[in-house]
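Got your viewer open? Load the model, colour it however you like, and follow along stop by stop.

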Amino acid sequence: DVVHLQAEMRHFGAQRIAWGSNFPASAGSLQQLLHEALEATASLTTEEQTWIFSRTAHNLYPALNRLSA
């Protein structure tokens, strides 16, 4: 939720947060989980959202960079 995300942003910063859906184990569809995540991050800057939804994962898993090249 937004309160937890704000606390995590203060402590870690967007460059150390990666979004993951935990689909299909989590309740709800992948579309619903993504919608909730986008709503929770709506107040963040575009750069912070990009880190959370993409760049952090690319830093953690360099093989992803080969897939998107």
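Here is the tour, from the whole chain down to single residues.

**Before you click**

This is a predicted model, where local features need pLDDT of at least 70, side-chain atom pairs count only at pLDDT 80 or more, and totals for chains, interfaces and linings use all residues. Residues are numbered from 1 along each chain as its sequence is written, and side-chain values use heavy atoms, with hydrogens and water left out.

**Stop 1: the whole chain**

Start with the cartoon view. You should find four helices and zero strands, in the order α-α-α-α; helices (H or I, at least four residues) and strands (E, at least two) are DSSP runs, numbered from the N terminus. Along the principal axes, the C-alpha atoms fill a box of roughly 35 × 30 × 20 Å.

Now switch on the surface. About 5,200 Å² is exposed, with carbon and sulfur atoms supplying 56% of it; the areas come from the Shrake-Rupley method with a 1.4 Å probe. Of the 69 residues, 22% count as buried. Buried means under 20% relative accessible area, exposed over 50%, and partly exposed in between (1.4 Å probe, protein chains only).

**Stop 2: the core**

Select Leu5, Met9, Ala14, Ile17, Ala40, Leu44, Trp51 and Ile52 and show them as sticks: these eight residues make up the largest nonpolar core. Helices α1 (2-12) and α3 (46-60) each supply at least two residues of this core. A nonpolar core here is a set of buried Ala, Val, Leu, Ile, Met, Phe, Trp, Tyr and Cys residues joined through side-chain atoms within 4.5 Å.

Which residues does Leu44 touch, not counting residues up to four places away in sequence? Zoom in and you'll find Leu5, Met9, Gln49 and Ile52. Contact means heavy atoms within 4.5 Å.

**Stop 3: the loop between α2 and α3**

Next, pick Thr41, in the loop between α2 (30-40) and α3. Is Thr41 buried or exposed? Thr41 is buried, because its relative accessible area is 4%. Its side chain reaches the backbone oxygen of Leu38 at 3.3 Å. Leaving out residues up to four places away in sequence, Thr41 touches Leu5, Gln49 and Phe53.

Stay in that loop and click Ser43. Ser43 has a relative accessible area of 60%, so it is exposed. Draw a distance from its C-alpha to that of Val2: the two residues are 41 apart along the chain, and the separation is 9.1 Å.

**Stop 4: the loop between α1 and α2**

Select Asn22, which is found in the loop between α1 and α2. Asn22 has a positive phi of about 60° although it is not a glycine. Asn22 is also exposed, with a relative accessible area of 53%.

Pro24 sits in the loop between α1 and α2 too. Check the peptide bond from Phe23 to Pro24: it is cis, with omega near 10°. For background, most residues other than glycine have a negative phi, and most peptide bonds are trans.

**Stop 5: helix α4**

Finish at Leu64 in helix α4 (residues 63-67). Leu64 counts as partly exposed, because its relative accessibility is 29%. Apart from neighbours within four places in sequence, Leu64 is in contact with Ala57 and His58. For a last distance, try Leu64 to Ser54: ten residues apart in sequence and 9.7 Å apart in space, C-alpha to C-alpha.

Key. Polar contact = N/O pair within 3.5 Å; in protein donor to acceptor, adjacent residues only side chain to side chain.
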